Structure formats: structure tokens, C-alpha cells
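Please open the structure in your viewer and keep the selection tool at hand. The tour moves from one selection to the next and says what is found at each stop.

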Amino acid sequence: MDKSKRPFPKSKRSLRRRLPPIQSGDRIDYRNMSLISRFISEQGKILSRRVNRLTLKQQRLITIAIKQARILSLLPFLNNEKQFEKSESTARTAGLRTRIK
């Protein structure tokens, strides 16, 4: 089939524009935790520019703000709650100690 005879030509761009995640009035700062927390994954990783839909300049400022907040202990470096469950580990070791005796 010839390209000119196609009934519906494919559009390369979406007609609907998404709103930018950072408004013009928002300040990108390490103290603005409500803004910074939107750009961090559940594991504590900084999300990529493609996922965030940020400009290059905004992504750089967000990255710097997140790193400053981590250094000042406002944000954790890692977010693993499953790693520190003590109730299960003590139950396992207590059971092993009674079997060895």
C-alpha cells in the first residue's frame, strides 16, 4: 500500500500535553521536602529525567538538592525497611540455640 493512500496518517506526537511537574513558582531547595520527595523512588533512588519529565537544568538542581538533603540527614541514602526486621531473625537464632544444646 502506498503511503499517500493510507486512510489515517500516523501522528508522531501526542496531541495532549502533560503539565510540567515543577511550576515556575516552586523553588528547588534541599529544605523543600514535599517537592524533593516526588522525584525519589521507593528504594531511595533519584528518578531519571525521562520519568520525571524535567528539563536538564531542573534535573541537575533536583539532584543537587537531594544530595544536600541526604548529607544533612533530611533524607535517607537507602530506604530498605525489610532489611532490619529483628523479630524474625531473633526467632530463628533462638530456635537454633535450643536444637544445638
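Begin by selecting D29, and keep in mind throughout that this is a predicted model. D29 is buried, with a relative accessible area of 16%, a value that falls in the buried class because the cut-off for that class is under 20%.

Next, add R31 to the selection, which counts as exposed at 57% relative accessibility. Which residue does R31 form a salt bridge with? The partner is D29, and the closest N and O atoms of the pair are 2.9 Å apart. Side chains of opposite charge can pair when their charged atoms come close. A search of the whole structure finds one salt bridge.

Now move along the chain and select residues 56-71, which make up helix α3. This helix has 16 residues and reaches 23 Å from its first C-alpha to its last, close to the 22 Å expected at 1.5 Å a residue.

Within α3, colour Q59, I62, T63, A65, I66, A69 and R70, which are buried. They lie on the same side of α3, because they cover an arc of only 165° around the axis. An α-helix has 3.6 residues a turn, so residues three or four places apart point the same way.

To see what covers these buried residues, show α1 (33-36) and α2 (49-52), which are included in that cover. Then turn the view to the other side of α3, where K57, R60 and I71 are exposed.

Finally, select S73, just after α3, where the residue takes a positive phi of about 65°.

Terms used
Residues numbered from 1 in each chain as written. Predicted model: local features only at pLDDT ≥ 70, side-chain atom pairs only at ≥ 80, totals over all residues. Heavy atoms only, no water. Salt bridge = Lys/Arg side-chain N within 4 Å of Asp/Glu carboxyl O. Buried < 20%, exposed > 50% of the residue type's maximum accessible area, 1.4 Å probe, protein only. Helix = DSSP H or I, 4+ residues; strand = E, 2+ residues; numbered from the N terminus. Expected span 1.5 Å × (residues − 1). Arc of directions from axis to C-beta. Contact = heavy atoms within 4.5 Å.
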